Amino acid sequence: VHLHVHSEYSLLDGLVRIPQLVERCSSLGMPAVAVTDENNVFALAKLQRAARQAGIKPISGAELWINSADSSLRKFKLVLLCQNTDGYRNLSRLVTQSFRYGTREGNNVALEETWLTSQSVTGLIALSAGTAGDLGQLVRDGKADSLERRIDHWQYIFSDRYYLELTRTGNEQEERYIDAMLNCAGSFGAPVVATNDVRYLEAREFEAHEARVCIHQGRKLSDPRRPKLYTPGQYFRSEEEMCALFGDVPEALENSVNIAIRCNFEL
């Protein structure tokens with residue numbers, strides 16, 4: 001089950017349209033799908049309606065920017081999925097709070113890490129956001145010795161609802177990060193889950209996605225200095241493709257289904 005998908009409502013970096021997403025799930029025989037747009041839940045009603053009509057379980061969530069309370073960390077991402085109605089209400093409050101009182105940089109807003117407490121995230125499941133999350137940042141910066149402290153922090157807040165997110169989209173940092181996460185999973189009992197951080201449906205749409213990102217950045221595709229934040233691998237892969245990618249970590253595949261089973265929010 002894909003648990004990290006950006007739709008066209010991720011205005012800066014998503015191409016996926018909800019009707020086509022549901023059709024793709026149906027054609028691939030996938031029983032559920034999550035939409036996790038950046039800092040918003042604009043797609044929620046459309047996803048719930050279209051997915052249920054097609055007999056697919058909709059999972060609502062968001063990918064949020066977080067201002068770290070830890071001075072050794074920069075701004076990072078965290079993915080939150082609604083388990084139930086309480087989770088939806090809490091996610092709505094956090095998104096609203098980030099726009100009203102959070103830090104703003106251009107079109108991006110970020111909420112403060114201190115706003116994430118055991119009470120404010122009731123009913124929410126958290127994914128560590130792969131290399132874009134705080135754990136990915138620590139691995140990239142060579143601060144792996146701080147991973148235990150951060151995982152303890154999130155497990156204290158989310159209890160058994162915190163998952164180490166693994167991706168293999170072609171990012172050069174991913175394998176080093178995955179090795180660190182698997183070590184942490186074994187040492188601290190933190191579960192892992194495989195996602196593909198989906199930005200578009202078909203592999204051939206990568207250039208169109210890059211064009212959209214360039215429009216937001218105010219750059220040309222041919223600009224050699226433009227930051228290349230995405231890879232050709234971030235499309236909506238089939239079950240067979242995901243199983244081939246993570247055949248060495250079967251529990252990460254199984255947990256994508258387990259999380260889908262845990263999420264039962266109906267608008």
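Two strands pair if DSSP finds at least two bridges between them. Helices (H or I, at least four residues) and strands (E, at least two) are DSSP runs, numbered from the N terminus. The model here is predicted, so local features need pLDDT of at least 70 and side-chain atom pairs count only at pLDDT 80 or more, while totals for chains, interfaces and linings use all residues. Residues are numbered from 1 along each chain as its sequence is written, and side-chain values use heavy atoms, with hydrogens and water left out.

**Exercise 1. Find the partner of strand S1 and describe the pairing.**

Step 1. Locate S1 at residues 32–38 and S2 at residues 57–67.
Step 2. Look at the bridges: seven of them join S1 and S2, in the parallel sense.
Step 3. Pick one bridge as an example: Ala34 has Ile59 of S2 as its partner.
Step 4. Now check how covered S2 is. Ten of its eleven residues are buried, where buried means under 20% relative accessible area, exposed over 50%, and partly exposed in between (1.4 Å probe, protein chains only).

**Exercise 2. Which strands pair with S7, and is S7 covered or open?**

Step 1. Find S7 at residues 162–166.
Step 2. Take S6 (residues 124–127): S6 and S7 are parallel and share two bridges. Ala126 is bridged to Tyr162 of S7.
Step 3. Take S8 (residues 192–194): S8 also runs parallel to S7, with three bridges. Here Glu165 stands opposite Val193 of S8.
Step 4. Test the cover: five of the five residues of S7 are buried. Tyr162, Leu164 and Leu166 lie on one side, Tyr163 and Glu165 on the other, so to speak, and both faces are covered.

**Exercise 3. Describe how helices H5 and H6 pack.**

Step 1. Recall what to look for: two packed helices are described by the angle between their axes and the distance between the axes.
Step 2. Read off both values. The axes of H5 (residues 147–158) and H6 (residues 174–188) come within 11 Å and cross at roughly 60 degrees. Axes are lines fitted to C-alpha atoms, for helices over the stretch in contact, and angles run from 0 to 180 degrees between N-to-C directions.
Step 3. Classify the angle: H5 and H6 are therefore oblique to each other. (Angles under 35 degrees count as roughly parallel, over 145 as roughly antiparallel, 65 to 115 as roughly perpendicular and the rest as oblique.)
Step 4. List the contact residues, with contact meaning heavy atoms within 4.5 Å. H5 contributes Leu147, Glu148, Ile151 and Gln155, and H6 contributes Ala180, Met181, Cys184 and Phe188.

**Exercise 4. Where do Ala129 and Asp197 lie, and what is the sign of phi in each?**

Step 1. Ala129 is in the loop between S6 and helix H4 (134–140). Its phi is positive, about 70 degrees, although Ala129 is not a glycine.
Step 2. Asp197 is in the loop between S8 and helix H7 (206–217). Asp197 is not a glycine either, and its phi is positive at about 40 degrees.
Step 3. Check the cover: Ala129 is buried at 7% relative accessible area, and Asp197 counts as buried at 16%.

**Exercise 5. Place His6 and name some of its contacts.**

Step 1. His6 sits in the segment before helix H1 (18–28).
Step 2. With a relative accessible area of 0%, His6 is buried.
Step 3. Leaving aside neighbours within four places in sequence, the contacts of His6 include Thr36, Glu63 and Asp197.
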